[in-house]
Amino acid sequence: MANKFVLAYYYRMHTLILLFLITVCYAAYNLLVKISGSHIGATTSPILATICLQATALVVSIVYLIYITGQTTAIALPARACLWAVAAGLCIGLAEISYFYLFRGIGDDKPMAASSAIPFIVGGTIVIAVMVSRFVFNESLNTGQWIGAGLAFTGMMVLAMSAG
């Protein structure tokens, strides 16, 4: 019984470490797009910056694919998984192009501050994910999750009203 508890704790710690790593990487991604976008002139399209970002992500994925090829992990993708991955790719591609425009500035508008844009986008992601998880995926949510989504929404409204 004790070994089962230790094993569960071990896997839980790995999950939390992975969750933390992903959070740090997404935060760095957001901030690095802001820095890159701020170096793009107002008359220049940010599409090449988006392509550089995607090409780098592709290289990282290929290197990881080469790494796991020697392991026992299956390298097959069901058609439905591929379809949904392509849909996710379309969404992230559009988001990245838009991000670079947001941080470069659009027309006569000045670039948006990372301190307003990133928390608003991340907060919106939280609210949308919670709503879709509940009402589309039929996942049950506890009181804390609803409160967290409400706080994220409130934070987004405060950010929107105070952005200048």
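**Surface patch, pockets and local features**

M131 is placed in helix 4 of this predicted model. With a relative accessibility of 38%, M131 counts as partly exposed, because the partly exposed class lies between under 20% (buried) and over 50% (exposed). M131 also belongs to a nonpolar surface patch of about 700 Å², made together with I128, V132, F135, V136, F137 and W146. Helix 4 provides the largest share of this patch, four residues.

Helix 4 also contributes to the largest pocket, in which about 640 Å³ of space lies. This pocket is lined by 19 residues, and those closest to its centre are I92, A95, I121, G124 and T125. At least two lining residues are supplied by each of helix 1 (2-38), helix 3 (79-104) and helix 4 (114-135). The largest share, eight residues, again comes from helix 4. In its chemical character, the lining of the largest pocket comprises 15 nonpolar and four polar residues, with no charged residues.

The second largest pocket has a volume of about 330 Å³. Its lining is formed by Q54, A57, L58, V60, S61, Y64, A88, G89, L90, I92 and E96. Two or more of these residues are given by helix 2 (47-69) and by helix 3. The largest share of this lining, six residues, is drawn from helix 2. By class, seven of the lining residues are nonpolar, three are polar and one is charged. The charged class takes in Asp, Glu, Lys and Arg, and the charged residue of this lining is therefore E96. I92 appears in the lining of the second largest pocket and is also among the residues closest to the centre of the largest pocket.

Beyond helix 4, the backbone at N138 was examined. Most residues other than glycine have a negative phi. The phi of N138, by contrast, is positive, with a value near 55°. N138 lies in the loop between helix 4 and helix 5 (143-162). This residue counts as exposed because its relative accessibility is 58%, and the exposed class begins over 50%.

The segment after helix 5 contains A163. The relative accessible area of A163 is 35%, so this residue is partly exposed. A163 and A113 are separated by 50 residues in sequence, while their C-alpha atoms are 8.6 Å apart in space.

Methods
Residues are numbered from 1 along each chain as its sequence is written. This is a predicted model: local features need pLDDT of at least 70, side-chain atom pairs count only at pLDDT 80 or more; totals for chains, interfaces and linings use all residues. Side-chain values use heavy atoms; hydrogens and water are left out. On a 1 Å grid over the protein atoms alone, a cavity is a set of points where a 1.4 Å probe fits but cannot get out, and a pocket is an open set with protein on both sides within 12 Å along at least five of seven lines; lining residues have an atom within 4 Å of a point. Grid points are joined across faces, edges and corners, and a volume is the space filled by probe spheres set on the points. Patches are made of residues with over 30% relative accessible area and no salt bridge: like charges are joined within 9 Å, nonpolar side chains (Val, Leu, Ile, Met, Phe, Trp, Tyr) within 5 Å. Accessible areas come from the Shrake-Rupley method with a 1.4 Å probe; for residues, only the protein chains shown count as cover. A salt bridge is a side-chain nitrogen of Lys or Arg within 4 Å of a carboxyl oxygen of Asp or Glu. Buried means under 20% relative accessible area, exposed over 50%, partly exposed in between (1.4 Å probe, protein chains only).
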